[in-house]
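User: I'm new to this one and would like to go through it slowly. Could you help me find my way around?

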Amino acid sequence: MIKTIIIDDEKHCSDRVLNLIDRHPNTFNVLKVIDTVDEALELVPQLEPDLVFLDIKIHEKTGFDFLQAIDTINFKVIFTTAFDNFAIKAFKFSAIDYLLKPIDTDDFNASVSRLKETISQQSIEQQLQSLFENIKPNQKKVITIPSLTGFETLKVEDIIHLEADTSYTHIFTKNGKAMVSKPIKFYEDLLDDGSFFKTHKSHLINIDHVKQYFKGKQSYVVMSNDAQVPISVRRKEEFLRHFN
């Protein structure tokens, strides 16, 4: 069973998590429900949980304050939060699981399924370090992607282009190539700061890495890694506006 702690300062929210947990018999062993960061800092190292459901705003402090004050993080974290665009984007960049309040049953069940697949992986430290970087204002973003051994962190500025492969995406960077089991639409939504442009239904490029543009019936660009990426006819005019 997964040794679990809930950290939330709103009783109706922690009660909701408990209710959802009860629907998964023989999966969770709830050790404690905690409603302050100070108590969490005292008890979590003693109780040694496998998993913490962690609210973002806890009285005058945050779940991030709690995590950054812990010496060793050897438990999984699922954030529970009211809608917050900035935080949610940081979670997605860092491959951290989260649940929006009020927590939906299907979303909770999906988190449990993902949890069962990853509970034994010791990669949370790297994911959280990525998260802490991504929540800093005006910080250059890093993105965490799954690898054969756990997770790998990439600088977003080092991503040259992405290419769809059915439900997978190939990510080409300055240092090589990675393949992840997410559709390219996920990254199109995530990398929406203006630096990335969808040239074709299967291709997303980093504008900063465009080396050459070739016009014609089939326009294309040459990227900094010398890859040739097509530009669809309907995307050509918008693409060229980036360079005017």
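User: Let's start with β13: in which sense do β13 and β14 pair, and over how many bridges?
Analyst: Keeping in mind that this is a predicted model, β13 pairs with β14, which covers residues 203–206, in the antiparallel sense over 4 bridges.

User: And which residue of β14 stands opposite F196?
Analyst: Opposite F196 stands N206 in β14.

User: What is the order of the strands in that sheet?
Analyst: The sheet is open and is formed by 5 strands with antiparallel pairing, in the order β12-β11-β10-β14-β13.

User: Why do β12 and β13 each have one side without a neighbour in the sheet?
Analyst: Both β12 (176–180) and β13 (196–200) stand at the edges and have a single partner strand each, so one side of each is left without a neighbour there. Going from one strand to the next, the twist averages 20°.

User: Which helix packs on the sheet, and which strands is it touching?
Analyst: That is α8, residues 233–241, which touches β13 and β14 and whose direction makes about 155° with that of β13.

User: Changing topic, how many residues are in the largest nonpolar core?
Analyst: It has 28 residues, and those with the most contacts inside it include I7, L54 and F66. Among the elements that give two or more residues to this core are β1 (2–7), α3 (63–69) and α6 (124–134). A second, separate core has 16 residues, including L154 and Y187.

User: Back to I7, what is it in contact with, leaving aside its neighbours within four places in sequence?
Analyst: With those neighbours set aside, the contacts of I7 include I34, V44, L54, D55 and F66.

Methods. Residues are numbered from 1 along each chain as its sequence is written. This is a predicted model: local features need pLDDT of at least 70, side-chain atom pairs count only at pLDDT 80 or more; totals for chains, interfaces and linings use all residues. Side-chain values use heavy atoms; hydrogens and water are left out. A nonpolar core is a set of buried Ala, Val, Leu, Ile, Met, Phe, Trp, Tyr and Cys residues joined through side-chain atoms within 4.5 Å. Buried means under 20% relative accessible area, exposed over 50%, partly exposed in between (1.4 Å probe, protein chains only). Contact means heavy atoms within 4.5 Å. Two strands pair if DSSP finds at least two bridges between them. Axes are lines fitted to C-alpha atoms, for helices over the stretch in contact, and angles run from 0 to 180 degrees between N-to-C directions.
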